[in-house]
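These are my notebook entries on how the chains are arranged and where they touch. I looked up symmetry, then domains, then the contact side.

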There are 2 protein chains.
Amino acid sequence: MHELVRCNGVKEGKMGLGVVVCEGNATGVFTKNKFKSPSVIVTEEHLRRGYIEGIIANSGNANAFTGKRGYDNAKRMCELLAEKLKTEVESVAVASTGVIGVQLDMNWIEEKFEYVYKGLGSGKDKAMAFARSIMTTDKFPKFASYKEDFKIAGVCKGAGMIHPNMATMLAFVFTDAKFEPDELKGMLRTAVKYSFNTISVDGDMSTNDMVLLIAKGECEVGRDRFLKGLKRVCIDLAKQIVRDGEGASKVIKVTILNAKNEEEAFRGARAVVSSTLVKTAVFGNDPNWGRVIASLGYSGIDVNENLDLKLLGFKNGCKVGEVELVLNGNGLGNEGIARRIMENSDEIEFVIDLKLGEGSGYAYGCDLTYDYVRLNSEYTT
Amino acid sequence: MHELVRCNGVKEGKMGLGVVVCEGNATGVFTKNKFKSPSVIVTEEHLRRGYIEGIIANSGNANAFTGKRGYDNAKRMCELLAEKLKTEVESVAVASTGVIGVQLDMNWIEEKFEYVYKGLGSGKDKAMAFARSIMTTDKFPKFASYKEDFKIAGVCKGAGMIHPNMATMLAFVFTDAKFEPDELKGMLRTAVKYSFNTISVDGDMSTNDMVLLIAKGECEVGRDRFLKGLKRVCIDLAKQIVRDGEGASKVIKVTILNAKNEEEAFRGARAVVSSTLVKTAVFGNDPNWGRVIASLGYSGIDVNENLDLKLLGFKNGCKVGEVELVLNGNGLGNEGIARRIMENSDEIEFVIDLKLGEGSGYAYGCDLTYDYVRLNSEYTT
């Protein structure tokens with residue numbers, strides 16, 4: 001990322017402010033929450049031109065449910081950076097994450113902005129400073145990159161148990177490739193579908209979610225090659241968000257094979273990975289596949305009792321083991337083996353073969369732990 | 001209940017078996033889960049005649065995802081009681097709750113059935129024995145009754161955090177009133193809409209949920225009077241299920257006033273009460289109304305930023321306090337007062353006035369606690 005942009009950030013307690021300077025055609029995908037943060041509204045407005053020169057982001061306060069004053073504050077944040085860049089306010093995007101319903105402390109933001117702007121640079125330490133500045137309950141900063149004869153690099157923040165909740169996800173992806181805004185939009189939507197939307201769908205997004213893509217336009221790249229790289233970067237970032245789920249001890253992946261169609265496969269996988277009963281079972285190393293079946297049954301997709309279900313375990317990305325739990329609809333009594341695999345794994349995958357059609361899909365989630373409850377019952381308004 | 005039926009039950013460890021003898025017109029509401037338990041399938045088939053003479057129910061094993069053998073076993077359970085009652089197998093309803101994917105131990109069931117049937121009676125102790133026989137993680141048996149010149153009485157089991165999960169809910173309601181099966185069906189659906197469906201909707205029901213209503217036909221009652229009583233009994237039972245939510249320390253009620261219409265009011269209330277971020281905030285006595293707003297925003301219903309939001313606290317059914325948190329879309333800074341009310345309450349109500357239309361609705365849920373995680377990660381397959 002540091003090779004593509006100039007950036008910097010500061011984090012003081014729960015409050016953070018970050019700035020990225022990067023000029024190019026741009027597009028975004030935004031939350032569908034009906035109480036959109038004014039920061040989201042302003043950025044959507046600005047991106048209609050398909051071009052930006054910089055991003056200003058803050059953490060600790062979502063600037064959501066803040067009305068006209070919140071809108072003015074979001075505009076003012078853009079203006080701060082636009083003035084420095086000697087450009088129009090519409091050339092700046094703004095993003096916010098944090099507590100809802102509280103007005104921004106603009107004095108703090110204006111003061112820190114001066115400090116952050118002065119320190120802008122393109123070193124790795126600057127990228128790290130930006131990544132840290134947008135973190136809330138995240139335990140680690142999240143980067144991903146892809147390189148051929150073009151570059152794509154991104155940074156994001158997530159945490160929260162994600163679906164079925166509303167931890168704000170912010171992702172900023174940069175590239176030196178050249179595309180028109182409309183082309184970028186189509187490709188970003190596709191990449192988001194296979195990445196961030198497998199961990200969090202439109203319908204239940206937070207008030208502040210956004211994914212931005214800025215293309216500096218320095219090199220020509222074919223669409224297919226670019227989309228492949230963009231998907232890689234987005235999936236990498238999305239998986240990091242899941243791995244950092246609040247209090248999570250294990251990543252859960254659910255893969256559905258041979259559903260009626262792809263849409264149903266993704267929808268079914270999401271239902272399973274979002275079930276708090278599945279999440280708690282995984283936390284307890286309990287291969288309770290009945291809960292997987294039950295959540296699949298209420299997902300609304302077409303199912304088939306004659307299904308196969310297997311469990312795979314991974315540790316540090318390496319396969320620990322694999323065991324069939326259900327074959328042709330019959331439980332095989334392999335729970336003992338499954339439990340031992342689970343105990344030795346940091347990622348669990350359930351693979352369900354529905355034998356109905358040719359649609360496959362997947363979803364990522366994480367287990368539900370005591371720490372999740374602790375983090376979320378103690379996080380103060 | 002004991003005045004309307006003869007019943008009995010036995011509970012041994014996780015396994016239980018209960019029997020109710022009660023002859024009359026009957027109807028039911030059943031899970032929409034696509035992996036319906038054969039017990040549900042059999043009961044739906046039997047209820048097509050609109051008449052039953054008895055119920056046999058077991059706990060500890062859901063008889064779900066058990067295929068043809070599960071179906072035969074459910075039929076056999078009905079047959080056991082039908083033989084004793086010298087009636088057709090179709091005159092008996094069967095219900096199951098417990099672990100999914102394991103075949104019933106029919107030897108145990110046949111043996112215990114003899115014991116339970118011999119002990120059938122109409123005392124309070126028999127009703128209690130039946131209620132206990134269908135419990136799983138429930139901490140207390142659940143009864144409700146209503147009496148005018150007719151009687152309605154019901155028993156249920158629930159537990160689980162209910163929505164967004166799949167703890168099986170079984171409810172059996174009996175009355176001496178006289179109605180045709182079709183009339184009963186319409187009234188039961190209405191009562192369920194305002195009671196059990198405010199804590200658990202069709203779309204995410206377990207493999208085994210059912211609510212049965214049996215009318216002995218001994219006295220004529222007007223529909224309106226009967227429906228009023230039926231709603232009361234069902235709401236009472238539904239609230240008991242919530243109060244007994246796994247690990248719950250507080251009941252949460254969300255009321256939405258003046259939504260676009262009634263359907264949206266109920267849907268919005270469900271989204272808020274189901275948000276694990278709202279649930280954990282309530283556990284932590286944190287009046288984090290931003291989470292209420294955010295979940296309302298993703299519920300899909302029409303919203304209005306100019307809303308009012310207040311918090312009420314209750315202890316043992318008595319009001320502890322009430323405080324406005326948001327007025328005309330502006331946070332009032334009353335979080336300190338709200339926190340103290342929450343600390344002293346066992347039931348929290350959020351009342352949201354959307355000022356859009358005339359639709360009102362509500363939903364019940366419970367907080368998400370360490371004990372929920374413990375119970376569900378340690379519950380063995």
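Before anything else I wrote down how copies are compared: they are superposed by least squares on the C-alpha atoms of residues with pLDDT of at least 70 in both. I noted that this is a predicted model, in which local features need pLDDT of at least 70 and side-chain atom pairs count only at pLDDT 80 or more, while totals for chains, interfaces and linings use all residues. Residues are numbered from 1 along each chain as its sequence is written, and chains are lettered from A and ligands numbered from 1 in the order in which they are written.

Entry on symmetry. I found that a turn of 180 degrees, with a shift of 0.0 Å along the axis, lays chain A on chain B with an RMSD of 0.0 Å. That is the relation of a two-fold axis. I then looked for the residue of chain A that comes closest to this rotation axis, and it is Tyr370(A), with its C-alpha at 2.7 Å.

Entry on domains. For chain A, the assignment (bounds come from an automatic or database domain assignment) gives domain 1 (6-243) and domain 2 (251-378). I read 31 Å between the C-alpha centres of domain 1 and domain 2 of chain A.

Entry on contacts. Two residues are in contact if their C-beta atoms, placed from the backbone, lie within 7 Å. By that rule, 50 residues of chain A are in contact with 50 residues of chain B. Helix 10 of chain A gives the largest share of the side that touches chain B, 7 residues; helices here are DSSP runs of H or I, at least four residues, numbered from the N terminus. I also noted that 100% of the interface residues of chain A are interface residues in chain B too, so the copies meet through the same surface.

Technical notes. Helices (H or I, at least four residues) and strands (E, at least two) are DSSP runs, numbered from the N terminus.
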